[in-house]
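Got your viewer open and a selection tool ready? Let's take a walk through this one, stop by stop.

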Amino acid sequence: MNDNNQEINQLLDLLGQTYSDPLVQRNLSLKNLLQTVAADLEQSKDIELIINKYFKSLSLADSLSQSSTLNKLIVTLKNHSS
């Protein structure tokens with residue numbers, strides 16, 4: 001369980017870094033999506049749920065934003081689901 005909490009905290013930290021990215025800050029819908037993902041993760045404590053629920057939306061946003069931190073978040077989620 002402790003490993004899961006550590007993974008969740010790392011993912012929340014990465015979400016925060018992504019949210020702070022200047023390329024992300026220019027996109028209100030992406031900022032809202034990241035806030036929703038973070039809130040859902042904090043509430044559910046279920047990374048698999050987050051991957052299943054938001055991966056497609058985050059991937060689409062990644063292809064449009066060209067944010068390196070968002071891309072890192074996508075890769076992290078993708079590696080976790082493998």
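## Stop one: D40

Start by selecting D40, which you'll find in helix 3. Keep in mind as you look around that this is a predicted model. Is D40 buried or exposed? Its relative accessible area is 13%, and buried means under 20%, so D40 counts as buried.

Now show what surrounds it. Setting aside neighbours within four places in sequence, D40 is in contact with K45, I50, K53 and Y54. Select those four along with D40 and you have the whole of this stop on screen.

## Stop two: zoom out

Switch to a cartoon view. You should be able to trace five helices, and there are zero strands. Going along the sequence, the pattern reads α-α-α-α-α.

How much room does the chain take up? Along the principal axes, the C-alpha atoms fill a box of roughly 35 × 20 × 20 Å. The radius of gyration is 12 Å, which agrees with the value near 12 Å that a compact globule of 82 residues would have. Among contacts with a separation of 6 or more, 55% link residues 24 or more positions apart.

## Stop three: the core

Next, select L15, L30, L34, V37, L41, L58 and L73. These residues have the most contacts inside the largest nonpolar core, which has 22 residues. Which helices feed this core? Colour helix 1 (2-20), helix 3 (28-44), helix 4 (47-65) and helix 5 (68-81): each supplies at least two of its residues.

Pick L15 out of that set for a closer look. Beyond its neighbours within four places in sequence, L15 is in contact with L34, V37, A38, L41 and L73.

## Stop four: H80

Head over to helix 5 and select H80. With a relative accessible area of 29%, H80 is partly exposed. Leaving out neighbours within four places in sequence, the contacts of H80 are E7, I47, E48 and I51.

Try drawing a distance line from H80 to E7. The two are 73 residues apart in sequence, yet their C-alpha atoms lie 9.6 Å apart in space.

## Last stop: the surface

Finish by turning on the surface. The protein exposes about 5,100 Å², and carbon and sulfur atoms supply 50% of that. Of the 82 residues, 37% are buried. If you colour by charge, look for 7 positive and 9 negative charges, whose mean positions are 8 Å apart.

Notes: Residues are numbered from 1 along each chain as its sequence is written. This is a predicted model: local features need pLDDT of at least 70, side-chain atom pairs count only at pLDDT 80 or more; totals for chains, interfaces and linings use all residues. Side-chain values use heavy atoms; hydrogens and water are left out. Helices (H or I, at least four residues) and strands (E, at least two) are DSSP runs, numbered from the N terminus. The radius of gyration is taken over C-alpha atoms; the globule rule is 2.2 Å times the number of residues to the power 0.38. Buried means under 20% relative accessible area, exposed over 50%, partly exposed in between (1.4 Å probe, protein chains only). Contact means heavy atoms within 4.5 Å. Accessible areas come from the Shrake-Rupley method with a 1.4 Å probe; for residues, only the protein chains shown count as cover. Lys and Arg count as positive and Asp and Glu as negative; His and the chain ends are not counted. The place of a charge is taken as NZ of Lys, CZ of Arg, CG of Asp or CD of Glu. A nonpolar core is a set of buried Ala, Val, Leu, Ile, Met, Phe, Trp, Tyr and Cys residues joined through side-chain atoms within 4.5 Å.
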